Amino acid sequence: MEFVVDGCDFSFFCNPYLLKLQFPYPCVDDERAKAVYDVDKVAFIVSVYWKNNGTVYVHIPKEEKGQFFPNMDLLSTILKKPEPLPEMPRGWKIVSSPYD
């Protein structure tokens with residue numbers, strides 16, 4: 001389990017999952033930042049059965065103490081959008097390739 005805080009960007013990795021969030025204001029990655037895995041918490045999966053996977057709690061301090069972060073309950077506003085792939089400049093073409 002690993003997480004990275006870089007200003008407004010937050011990445012959390014726990015094999016095989018990767019979560020990237022973008023907060024409205026900066027956070028800090030210092031000695032107060034922590035992630036804790038609680039194996040005793042039960043997660044409700046689907047509507048048919050209970051599965052004991054545990055729960056991960058992440059604490060990330062705000063850069064400005066007391067700063068209000070709006071819309072934190074709306075996942076679509078904090079999910080980080082993937083960066084677009086760079087486009088090949090127009091007019092360029094591949095003339096040769098080592099695989100030809």
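A strand here is a DSSP run of E with at least two residues, and strands are numbered from the N terminus. Keep that in mind for labels such as β6, where Val 58 is found. The model you have open is predicted.

**The whole chain**

Start with a cartoon view of everything. You should be able to pick out 1 helix and 6 strands. Walking from the N terminus, the elements run β-β-β-β-β-β-α. Now switch on a surface. The protein exposes about 8,700 Å², and carbon and sulfur atoms supply 57% of that area. Of its 100 residues, 15% count as buried. If you like contact maps, here's one for your notes: among contacts with a separation of 6 or more, 46% are between residues 24 or more positions apart.

**The β1–β2 hairpin**

Select 2–14 and 17–27, which are β1 and β2. They form a hairpin, with 2 residues between the strands. The pairing is antiparallel and runs over 7 bridges. To get your bearings across the two strands, label Ser 11 and look opposite: Lys 20 in β2 stands there.

Now zoom in on the loop between the strands, where Pro 16 sits. Which kind of peptide bond joins Asn 15 and Pro 16? Check omega: at about 10 degrees, the bond is cis.

**The aromatic cluster**

Show side chains for Phe 3, Phe 10, Phe 23, Tyr 25 and Phe 69. Ring pairs link these five residues into a cluster. The count for the structure is 4 aromatic pairs. One of them is Phe 3 with Phe 10: the ring centres are 6.1 Å apart and the planes meet at 40 degrees, so the pair is tilted. That label makes sense with the cut-offs in hand, because planes under 30 degrees apart count as stacked and those over 60 as edge-to-face. Both Phe 3 and Phe 10 are buried.

Stay on Phe 10 and add Phe 23. These two rings also have their centres 6.1 Å apart and their planes at 40 degrees, so here too the pair is tilted. Phe 10 is in strand β1 and Phe 23 in strand β2, 13 residues apart, and the pair links distant parts of the chain. Is Phe 23 buried or exposed? Like Phe 10, Phe 23 is buried.

**Gln 67 and Asn 71**

Move to the loop between β6 and α1 and select Gln 67, which is found there. Gln 67 has a relative accessibility of 18%, so this residue counts as buried; the cut-off is under 20%. Which residues does Gln 67 touch, leaving aside neighbours within four places in sequence? Show Tyr 25 and Lys 62, and you have its contacts. Tyr 25 should look familiar, as it belongs to the ring cluster you just visited.

Further along, select Asn 71, in the loop between β6 (55–59) and α1 (75–78). Check its backbone: phi is near 60 degrees, a positive value in a residue other than glycine. Asn 71 is partly exposed, with a relative accessible area of 42%.

**Two salt bridges**

A search of the whole structure finds 2 salt bridges. For one, select Lys 80 and Asp 9, whose closest N and O atoms are 3.1 Å apart. Lys 80 lies in the segment after α1 and Asp 9 in strand β1, so the bridge ties together parts that are 71 residues apart in sequence. Lys 80 is partly exposed at 26% relative accessibility, and Asp 9 is partly exposed at 23%.

For the other, select Asp 30 and Arg 32, whose side chains meet at 2.8 Å, N to O. How exposed are the two partners? Asp 30 is partly exposed, with a relative accessible area of 25%, and Arg 32 is partly exposed as well, at 45%.

**Last stop: a nonpolar patch**

Bring the surface back and colour Met 1, Tyr 37, Val 39, Val 56 and Val 58. Together they form a nonpolar surface patch with about 420 Å² of accessible area. Click on Val 58, in strand β6. At a relative accessible area of 34%, Val 58 is partly exposed. Why can Val 58 be part of a patch? Members need over 30% relative accessible area, and Val is one of the nonpolar side chains that qualify.

How values were computed:
Residues numbered from 1 in each chain as written. Predicted model: local features only at pLDDT ≥ 70, side-chain atom pairs only at ≥ 80, totals over all residues. Heavy atoms only, no water. Helix = DSSP H or I, 4+ residues; strand = E, 2+ residues; numbered from the N terminus. Buried < 20%, exposed > 50% of the residue type's maximum accessible area, 1.4 Å probe, protein only. Patch = residues over 30% accessible without salt bridge, like charges linked within 9 Å, V, L, I, M, F, W, Y side chains within 5 Å. Areas by Shrake-Rupley, 256 points an atom, 1.4 Å probe, with all protein chains shown as cover. Salt bridge = Lys/Arg side-chain N within 4 Å of Asp/Glu carboxyl O. Phe/Tyr/Trp six-rings, centres within 6.5 Å; stacked < 30°, edge-to-face > 60°. Contact = heavy atoms within 4.5 Å. Pairing = 2+ DSSP bridges.
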